[in-house]
Amino acid sequence: MKRMAQRLRRLSRRPEARHVGILTFGSIAAQVVLLATTPWLSRLFGPDSFGLFSLMLSISTIGERWWALL
């Protein structure tokens, strides 16, 4: 057990591990915000608005990826 703790401590000092931790925490925080605001947004907007938003998000994502390839 002590050996495993030493390995984890050594790994946590590496910049790559720190960057992975920051990205993981950011992803988790974004999901928590989404889950927390979903009930409020579903009462504020109807299904047609969500569908339109999803369509525009898909188009813009495809356009962004296409533009990045140029």
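What share of the 70 residues in the protein chain is buried? The figure is 0%, and the views below walk through this predicted model piece by piece.

**View 1. The whole chain is built from helices and nothing else by way of strands.** You'll count three helices and zero strands here. Reading from the N terminus, the order is simply α-α-α. The radius of gyration is 20 Å, well over the 11 Å that the globule rule gives for 70 residues, so the chain is more spread out than a compact globule. If you box in the C-alpha trace along its principal axes, you get about 55 × 40 × 15 Å. The chain exposes about 6,900 Å², and carbon and sulfur atoms supply 70% of that area.

**View 2. Helix H1 carries Lys-2.** Helix H1 covers residues 2–12, with Lys-2 in it. Lys-2 counts as exposed because its relative accessible area is 67%, and the cut-off for that label is over 50%. For a sense of how far things reach, look from Lys-2 across to Arg-65: these two are 63 residues apart along the chain, and their C-alpha atoms are separated by 47 Å.

**View 3. Helix H2 runs from residue 15 to residue 44.** With 30 residues at 1.5 Å each, H2 should span 44 Å; its end C-alpha atoms sit 42 Å apart, which agrees. Pro-15 belongs to this helix. Its relative accessible area of 49% makes Pro-15 partly exposed, since that label takes in values between 20% and 50%. From Pro-15 to Ser-42 you move 27 residues in sequence and 40 Å in space, C-alpha to C-alpha.

**View 4. H2 has a kink at Thr-38.** Zoom in on Thr-38 and you'll find a bend of about 45 degrees. The proline Pro-39 comes shortly after the kink.

**View 5. Four residues make a nonpolar patch on the surface.** The members are Trp-40, Leu-44, Phe-45 and Phe-50. Together they offer about 440 Å² of accessible area. Leu-44 is at the end of H2, which covers residues 15–44, while Phe-50 has its place in helix H3, residues 47–69. How exposed is Phe-50? Its relative accessible area is 36%, so Phe-50 is partly exposed.

Key:
Residues numbered from 1 in each chain as written. Predicted model: local features only at pLDDT ≥ 70, side-chain atom pairs only at ≥ 80, totals over all residues. Heavy atoms only, no water. Helix = DSSP H or I, 4+ residues; strand = E, 2+ residues; numbered from the N terminus. Rg over C-alpha atoms; globule rule 2.2 N^0.38 Å. Buried < 20%, exposed > 50% of the residue type's maximum accessible area, 1.4 Å probe, protein only. Areas by Shrake-Rupley, 256 points an atom, 1.4 Å probe, with all protein chains shown as cover. Patch = residues over 30% accessible without salt bridge, like charges linked within 9 Å, V, L, I, M, F, W, Y side chains within 5 Å. Salt bridge = Lys/Arg side-chain N within 4 Å of Asp/Glu carboxyl O. Expected span 1.5 Å × (residues − 1). Bend = angle between axes of the 7 residues up to and from the residue.
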